[in-house]
Amino acid sequence: MGLDLPASISYERLQRPFDSASDALARFDERLRSSPVAEAFVLRAHFHDACAALWRAGEFVQLEDLVLHDAGTDVRTPTHELVRAHAILLTRRGIADREPAWALTTDGLASLRGAWRPQSVACEPTNASRAMDEAADGELDDEDGETIITGEFDEIDELLARTSRVIERSEPAPLKRDDSGLVYDEDWDEEARLAEWRECLGRTQNLPPLMAASVALDAWEEIEPLQRSAWLGPLLAAALLRSRGKTRHCLTALHSGFRQAKYRRVGRDDFESRLLAFACAIETMAKADAKELDRLTLARELLLRKCKGRRANSRMTQLVDLCLASPVVTVPFAAKELRVSQQAATTMIGELSSNLRELTGRGRYRAWAVV
């Protein structure tokens, strides 16, 4: 069954903006396929999109704080907004690492909104483990006919048993919903709203991928299925683009696109205006990402020049990859990721300083970024 769009919608007015946005997105995705900095760009996009999601919600999270918090090298106590941004970051990574259509399935949606947790499953013994158990419990005869009990695997079995008990005790309990009415609206039926949104999603199958994503996202913002995690809508729209094959090498950063676009959604906007705004945001984001890809490619070439003539066990190349993959690099962060001393990390960053920009202007607790 097709989607019933209002009669006032003019497909002629929508065709040109959506075609332009679709072409820009397709060109960028194809460039990303063969780019040497594709992985670094994707890692950076996760951070930028998480910060943009909080920005759209009226909160401000510094990119540097999010990077350091994700690496476990916070310089101050994390704020509530920073924790929320990190949750969005982990959600983006989870969606990007799964199958393209996973986030739109029933199990995927339940997992993303915290309504379902996979139960711990006992590991099935493999043939190798069965052989080791039989060898450990059996009796072997030596050349003199004496019986030798092989118990060399007893300690390993005991260690595995203790580990299993610890994991079972530390298994997080299922999320409990607060039904007191202080946190959640008692009249807010999430299951019914999600069913309504999934029904609308199913009616977009006959639409082009980009228009289907725009309609799905607009329906999400109109229906508001979740009382919390409203930022999940753009991530699901990006997952829809992946599942339809429009983007194959990245999870589209729609939050960043809406942040860069001039359009700001208000309640009085009609349906056609909202769809046009979505197309403009996609085109703006694709062009900005293409420029960012060019910048990272040039920065990589300049940084790799510093690595020529190095020893085979030098960590300089790994530091270059880290500087490209992370929007911000500090000495403790680099030392932790490269597994070197902070003095060695300071020396290597100093050798790359001509192509890095120091962000803080301080003599201590400094941070660098790719120029």
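I take a contact to mean heavy atoms within 4.5 Å, and with that in hand I began with the chain as a whole.

**Entry 1: the whole chain**

The model I am reading is a predicted one. Among contacts between residues at least 6 apart in sequence, I find that 64% join residues at least 24 apart. The chain holds 15 helices and 5 strands, and of its 371 residues, 41% are buried.

**Entry 2: cysteines**

I looked up how many disulfides the structure holds, and the number is 0. I then checked two cysteines for burial: C51 has a relative accessible area of 6% and is buried, and C200, at 9%, counts as buried as well.

**Entry 3: cavities**

My next search was for enclosed space, and it returned 2 cavities of 30 Å³ or more. The largest cavity has a volume of about 90 Å³. It is lined by 13 residues, of which F41, C250, L251, A253 and D289 are the closest to its centre. Which helix gives the largest share of that lining? I found that it is α2, with 4 residues. The helices that each supply at least two lining residues are α1 (11-34), α2 (38-56) and α12 (271-304).

**Entry 4: the loop between α9 and α10**

I turned to the loop between α9 (209-223) and α10 (232-243), where S229 is placed. The phi of S229 is positive, near 60°, in a residue other than glycine. Is S229 buried, exposed or partly exposed? Its relative accessible area is 25%, and since buried would require a value under 20% and exposed one over 50%, I enter S229 as partly exposed.

Q227 is found in the loop between α9 and α10 too, but here the relative accessible area is 17%, and I enter Q227 as buried. I also noted its distance to E190: the two residues are 37 apart in sequence, and their C-alpha atoms are 7.8 Å apart in space.

**Entry 5: T330 and the start of α14**

I followed the chain to T330, which is found in strand β3 and counts as buried at 9% relative accessibility. At the start of α14 (residues 331-338), a side-chain oxygen of T330 reaches to within 3.3 Å of the backbone nitrogen of F333. Leaving aside neighbours within four places in sequence, I list L68, I349, R366 and A367 as the residues in contact with T330.

**Entry 6: helix α14 and the residue after it**

Within α14, I recorded V331, F333, A334, A335 and L338 as the buried residues. What covers them? The cover includes α3 (63-71), α13 (316-325), β3 (329-330), α15 (342-351) and β5 (367-370), a set in which both helices and strands appear.

The helix is followed by R339, which lies in the loop between α14 and α15. R339 is not a glycine, yet its phi is positive, near 60°. With a relative accessible area of 76%, R339 is exposed, in contrast to the buried residues I had just listed for α14.

**Entry 7: helix α15 and I349**

In α15 I found A345, M348 and I349 to be buried. Viewed down the axis of α15, these buried residues fall within an arc of 100°, so they line one face of the helix. They pack against α13, β3, α14, β4 (356-358) and β5. The cover of α14 includes α15, and α14 is in turn among the elements against which α15 packs.

I took I349 of α15 as the residue to follow further, and its relative accessible area of 2% makes it buried. Not counting residues up to four places away in sequence, which residues does I349 touch? I wrote down L319, V329, T330, V331, A334, L356 and W368. Two of the names in that list, V331 and A334, belong to the buried residues of α14, while T330 is the β3 residue of my fifth entry. For W368, I also noted a spacing: the C-alpha atoms of I349 and W368 are separated by 8.5 Å, with their positions 19 residues apart along the chain.

Methods:
Residues numbered from 1 in each chain as written. Predicted model: local features only at pLDDT ≥ 70, side-chain atom pairs only at ≥ 80, totals over all residues. Heavy atoms only, no water. Buried < 20%, exposed > 50% of the residue type's maximum accessible area, 1.4 Å probe, protein only. Polar contact = N/O pair within 3.5 Å; in protein donor to acceptor, adjacent residues only side chain to side chain. Arc of directions from axis to C-beta. Disulfide = S-S within 2.5 Å. 1 Å grid on protein atoms, 1.4 Å probe; cavity = no way out; pocket = protein on both sides within 12 Å on 5 of 7 lines; lining within 4 Å. Points joined across faces, edges and corners; volume = space filled by probe spheres on them.
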